[in-house]
Every structure is written in structure tokens, then in C-alpha cells.
Amino acid sequence: MARHVLVAGHELVVWNRTPGRAEELTSAGAIEAADPADAVRGAEACVLMLFDPESAAEVLTAVVPAAESGALLINCTTVGPAAARELGRTATGAGLRYLDAPVVGTVGPAEAGTLRILVGAADADLAAARSILGTFGDPERIDHVGSIGTASELKTVVNLALAEGMAAVAEVLRYGTDLGLDRGLVLAELAAGPLGTLVNYKRPMLESDDYSQAAFTVAGLAKDVRLATSSVAEPLPVAEATLALTAAAERAGHADDDFSAIAAADVSGSA
């Protein structure tokens, strides 16, 4: 995402929580900041892309006092509805223009600059941010879905559907193989049915049982399902079962593997 901003001709200052992660960008012309506050001083816009609400809140604490009044603060982190609204209040209370802007898509669309971006923000703030969002997102898929928090609500819906769909694949794949059916035969049948989109998306991994080339990790999936379950008062039974499956995958050593590893041969049945 940052590389697309740079290629589009913007002056780019970057900071990453993990030392060394910015080297590819600095070699291409970006400036690496010593800390988040240093990164945003004098900037017209700041984009946050972090792992969870806790990391976003921590970075925002450093960013808000250092940012220029009126600067755009675009938070692309998946943080959940409650955190999105709280972070928005913190930013707008300090005179910043905040956009709740989680992205839909994984490594491939990010590399291609074709991410879908859900935006919860004031009309004028989105208008001001479109040129930046359009560097790493598909301009035709920058969707204004409401006010701050609405985009994060919709993102939890999207990712919960993804998680529960893959959990269904995992369970029926286990059921078929427990019956003694060939795994490839089961996958071929699933690919032609209602789960076909997910099965075909991850079929090479499901066939090889190798999930090491992660586009979206098991840990990331578990985090997003927890955000969904904590966003409502009533239980979400399928989501809770999916969390048990992600926990089993993490115990089996798949936390950093692709999220489809919840269907791995050493995971299914051990949740």
C-alpha cells in the first residue's frame, strides 16, 4: 500500500513497528521516521495500517499530538466498531479529519493496488482523501458506507462471513475424509457447490495441505472473529465454534499460516 503511494508521486514518510520492514520502501525513495510522531509532523495525510485495535490506539496516541491540525487521518486497520468510534473521537477531538477506512482484500489486491476500501467519514473528508485512497485501492471500489464506525461494522461482517465459510469447508472436508472418501474427491465436489468460491480460492493449499504462503493469517482471522463476537450482546454460536477451530490451528503451529489452515489435516477434529 505504501509503495503505491510513493509510485503515485507523493512524498512519503514511513514508520513500522518492526525494525527493518521499511527497507524496501526507503530504497525506493521513502523517508523512514524514528517514531510515529516524527512520521506525521508536517504531513497533509497519515495512513495507519496495523494489526488490531490495541496497536492502532497505541500509535494514534503518538500521532495525534504531532499531526497538523486539519490533517487527514486514514485508519485502514481492522479495529472493530467500538474502537473505530473511540479512535475517531480522539482524532476529531484533536482537530484531525478522521476516516474509518478498513480495506477488503489480501496480499494480491494490495500488491496490485486494487483493494476495496470501505469508508466511514464525513463527505468532505472522503472527497479530500480520495486521491490518496485511489493509489492503493480501486477508485471504483472506494465505498462510502456511512459515518465513522459504519465501515468497521461492515468489515467485521465481511470477515466473519469469510471465517465461517472457511470453517464450513473445514468441517465438511473432515466429515468426508472421516467417511473414508478421498480428499481430492471431496474437494472437487465442494468446488461445484455453494462453498465453491472459497474452495476454489484456496484449492491449491487445501489439496497440498501446505498453508505457509499466507495471504491472511490464522491469527488475523481469529482477531477479526473476536472483534465480531465482542461487538454484539447476543452470542454468535457459529462464530464461537470458528474461534475454537482457529485456536486448534494455532495450537498446531499454524498461527502465521494462511487462514485456510483451519482446514489442515492436523487441525480438523481437534477443536
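This is a short tour of the structure above, stop by stop.

**Before you start.** The model is predicted: local features need pLDDT of at least 70, side-chain atom pairs count only at pLDDT 80 or more, and totals for chains, interfaces and linings use all residues. Residues are numbered from 1 along each chain as its sequence is written, and side-chain values use heavy atoms, with hydrogens and water left out.

**Stop 1: the whole protein.** Show everything as a cartoon. You should find 13 helices and eight strands; these are DSSP runs (H or I of at least four residues for helices, E of at least two for strands), numbered from the N terminus. The C-alpha trace spans about 65 × 45 × 35 Å along its principal axes. The radius of gyration is 20 Å, which agrees with the value near 18 Å for a compact globule of 271 residues. That radius is taken over C-alpha atoms, and the globule rule is 2.2 Å times the number of residues to the power 0.38.

Now switch on the surface. It comes to about 12700 Å², of which 53% belongs to carbon and sulfur atoms. Such areas come from the Shrake-Rupley method with a 1.4 Å probe, and for residues only the protein chains shown count as cover. Of the 271 residues, 45% count as buried. Buried means under 20% relative accessible area, exposed means over 50%, and partly exposed lies in between (1.4 Å probe, protein chains only).

**Stop 2: the end of helix α8.** Select residues 150–178, which make up helix α8. Color Tyr175 in this helix; Tyr175 is exposed, at 54% relative accessible area. Which residues join Tyr175 in a nonpolar patch on the surface? Add Leu179, Leu181 and Leu185, and you have the patch, with about 440 Å² of accessible area together. Patches are made of residues with over 30% relative accessible area and no salt bridge; like charges are joined within 9 Å, and nonpolar side chains (Val, Leu, Ile, Met, Phe, Trp, Tyr) within 5 Å.

Stay in α8 and select Asp178 and Arg174, which lie four residues apart, about one turn of the helix. They form a salt bridge, with the closest N and O atoms 3.2 Å apart. A salt bridge is a side-chain nitrogen of Lys or Arg within 4 Å of a carboxyl oxygen of Asp or Glu. Asp178 is exposed at 55%, while Arg174 is partly exposed at 36%.

**Stop 3: two more salt bridges.** The whole structure has nine salt bridges. Select Asp258 and Lys202, whose closest N and O atoms are 3.0 Å apart. Asp258 lies in the segment after α13 (237–251) and Lys202 in the loop between α10 (196–201) and α11 (203–208), so this pair ties together parts that are 56 residues apart in sequence. Are these partners buried or exposed? Asp258 is buried at 0%, and Lys202 is buried at 4%.

Next, select Arg203 and Glu207, which meet in a salt bridge of 3.0 Å, N to O. They are four residues apart in helix α11, about one helical turn.

**Stop 4: Asp224.** Go to helix α12 (residues 218–229) and pick Asp224, which is buried at 4%. Its side chain has a polar contact of 2.5 Å with the side chain of Asn159 and another of 2.7 Å with the side chain of Lys223. A polar contact is a pair of N or O atoms within 3.5 Å; within protein, one must be able to donate a hydrogen and the other to accept it, and residues adjacent in sequence count only if both atoms are side-chain atoms. Leaving aside neighbours within four places in sequence, Asp224 is in contact (heavy atoms within 4.5 Å) with Thr78, Asn159 and Phe216.
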